[in-house]
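Please find below my notes on this model, set out as numbered points. They begin with a strand pairing and move on to the sheets, the helices and the cores.

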Amino acid sequence: MLNRSPRPTELPEVEHAESGRWYRPRSAVPTRRPIRRVRALLLGLLLAGLGVLAAPATPAAAHAVLVTADPVPGSVLGTSPRVVVLTFTEPVRLIDGRLQILAPDGKRINDGEPRVDGATITAGIRIPDQPLGTYLVSYRIISADGHPVGGGYTYSVGAPSATVPQVDPDGQRTSVTAAVAATTFVGYLGVVLAVGPALLLVALWPPRLPRRPGLRLVRTGLTLIAVATVAGLWVRAPYISGSALFDVSTADLAAVLTSGYGLTVLARLGILAVLAALLTPALTGGGGTVRRVALLALAVTGLATWPLTGHALAAPVPAASVVADTIHIAAVAVWLGGLVALGGVLLRRAHPRLMGRILPVWSAWATVAVCWLLLAGVVQAVLETGTVSALLTTRYGRLILLKVGLVAGLLIAAGYARRLVRRPDPIDHRRLTGVVAIEVAVAVTALAASAVLVQTTPARTAVAEAQALGQDSFAQTLTSSLYTLQFDIYPVQLGEHNTVHAYVYTPQGAPLDVEEWTMTTALPAQGVEPVSTPLLGLQGNHAVGAVAFPVPGDWQVRFTIRISDIDQATVTTTVPVR
């Protein structure tokens, strides 16, 4: 009979000459096949990523931005309107009681419940006893991704008031924002402690090593998820309403629980309860393959509830963003949770010879998890930032760069740990435990950054908001011997889409009918001669028109108002356009 040479994995262990410890030679650990598999996996991930990025995108919409309003912000009207209409960049949900129209005397003049039709909110208002002066429109809505957005603006009737009613619609309390970040972090930490150790218990846990420490990690993770989820439901109420952390009514909680966010989180709690009931048999070696596959499907569904309550739903490609976010969370949980179980239990309690067999397999798993993590992170960054400028100039982008730096540090530490594992010498457990501890500490910092990141306005929307805020209005009162002219231009930006409203009053403040309106714009500093802008008279003392500012500069705007066959006067001002 021919003697058959043993396969590489069947080579016997040998004794180290100096330490006397037994180890398996390098050739005993398969290297080429895992490398080829990883290369093939990376190629597949790259192609999948390119497919996702090549998918058609829809307009970016994460936090809703006010695009038009009637009455126009900063405008001065001749008579009090009966409705206020707000239009946003995406469908919104109005928070009960948080759309307020305040009269010049500070009293609320809302008439009935406002109507929401997709991206448009219409609110009726009553005419106050003293209608002349400045009004405040204050709103707080929930955008498509479930995050609250607040804002406000003013308009005037007759003439602006000396003072403006004051409301802080976006006054989020520090305690509330801190509580939201804390519950998010605790939830992520629970996912890490539940997923990674559970995977090791199912596939790599030594048969003779007690499973109680690993089970304790998994149960701690499930408990943290449950506590963070329940606390998150409570914190959501003041986060949306803008009230104090413990100033939560039954109606506030009911509104949260019946919202899309609340229903998704309640589903997470239900999945968590089923997992807690069925997980222990599967992790102790029983339950069979069918139960384990069912538990895996439940776990993936539970992980998907995180992106379904965040920015992912309002991303340019929602489906891709939800999938990428779920993969990202799962990869982090496998990698970091496995490190916690290795450093906290296995490296301390398992026999070195057993760890010599476990660590190479775990190292390959960690490599795959890191590949998925990086791919999903790239997809998320592209979807939520869009441009390099947004990555560098927004808070969201800077948090992503911080996470990139932390992950780079993790990869360096992981590479060093992998070298320790793959060396032919006996594994230096003290050094490896120290490296794992560093990895865990850096990863926990990255989790904290993620908890803040999910509550931060995505870079795409931050840029859109900055552009919207940059479209300032210009309002002014000009006086001649015959009349007082009040006008506003909104927005004041380069191009043709600038609307001007003009109102004429007597020196005593009464509306004054106008026979003819004439408006010209010029830029003398750059040799731009006066250009006539048509104004359409809507009422006796009110006219509207569209004015163009083709180049930046200090534009000279001139109004010539004729109030009779022989009476007319001209007023002039300068409008800065940047």
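1. In this predicted model, strand β8, which covers residues 115–117, pairs with β9 in the antiparallel sense, and three bridges connect them. R115 has T122 of β9 as its bridge partner. The two strands make a hairpin with two residues between them. Within that turn, G118 adopts a positive phi of about 70°.

2. β9 (residues 120–124) also pairs with strand β5 (residues 83–88), again in the antiparallel sense, over five bridges. At this pairing L86 is found opposite I121 of β9.

3. These pairings belong to an open sheet of four strands, ordered β3-β5-β9-β8, with antiparallel pairing. Because β3 (66–70) and β8 each have a single partner strand, they stand at the edges, and one side of each lacks a neighbour in the sheet. On average, neighbouring strands here are turned by 15° against each other, direction ignored.

4. A further open sheet of four strands has the order β16-β15-β19-β20, and its pairing is antiparallel. Its edges are β16 (528–533) and β20 (568–577); each has a single partner strand, so one side of each is left without a neighbour in the sheet. The average turn between neighbouring strands of this sheet is 20°, direction ignored.

5. Within that sheet, β15 (residues 516–523) runs antiparallel to β16, and four bridges join the two. T521 has V531 in β16 as its bridge partner. Strand β19 (residues 553–562) is joined to β20 by ten bridges, and these two strands also run antiparallel. F559 is bridged to V571 in β20. A hairpin is formed by β19 and β20, with five residues between them.

6. Which side chains of β20 point to the buried face, and which to the other? A569, V571, T573, V575 and V577 point to one face and are buried. Q568, T570, T572, T574 and P576 point to the other face and are not buried. In a regular strand, side chains alternate between the two faces of the sheet.

7. Turning to the helices, α5 (residues 260–283) comprises 24 residues and reaches 33 Å between its first and last C-alpha, close to the 34 Å expected at 1.5 Å a residue. The helix nevertheless bends by about 35° at A277, with a proline, P281, following within four residues. Among the buried residues of α5 are Y261, R268, I271, L275, L279 and L283.

8. How does the span of α7 agree with its 32 residues? At 1.5 Å a residue they should span 46 Å, and the end C-alpha atoms are 45 Å apart, which agrees. This helix bends by about 45° at L342. α7 is mostly covered, with 24 of its 32 residues buried.

9. The largest nonpolar core contains 60 residues, and those with the most contacts inside it are L200, W335, M355 and W362. Two or more residues each are given to this core by α2 (174–203), α3 (212–241), α5, α6 (288–304), α7 (318–349), α8 (352–385), α10 (395–422) and α11 (429–453). The largest share, 14 residues, comes from α7.

10. Leaving aside residues up to four places away in sequence, W335 touches W362, A366, A369, V370, L373, L410, L411, A414 and E439. Apart from the largest core lies another, of 28 residues, including L485, V504, V514 and F559. F559 is thus met twice in this note: in that core, and as the bridge partner of V571.

11. Some totals complete the picture. The protein chain has twelve helices and 20 strands. Of its 578 residues, 46% count as buried. Among contacts in the chain with a separation of 6 or more, 67% are between residues 24 or more positions apart.

Conventions. Residues are numbered from 1 along each chain as its sequence is written. This is a predicted model: local features need pLDDT of at least 70, side-chain atom pairs count only at pLDDT 80 or more; totals for chains, interfaces and linings use all residues. Side-chain values use heavy atoms; hydrogens and water are left out. Two strands pair if DSSP finds at least two bridges between them. Axes are lines fitted to C-alpha atoms, for helices over the stretch in contact, and angles run from 0 to 180 degrees between N-to-C directions. The expected span of a helix is 1.5 Å times one less than its number of residues. The bend at a residue is the angle between axes fitted to the seven residues ending there and the seven starting there. Buried means under 20% relative accessible area, exposed over 50%, partly exposed in between (1.4 Å probe, protein chains only). A nonpolar core is a set of buried Ala, Val, Leu, Ile, Met, Phe, Trp, Tyr and Cys residues joined through side-chain atoms within 4.5 Å. Contact means heavy atoms within 4.5 Å.
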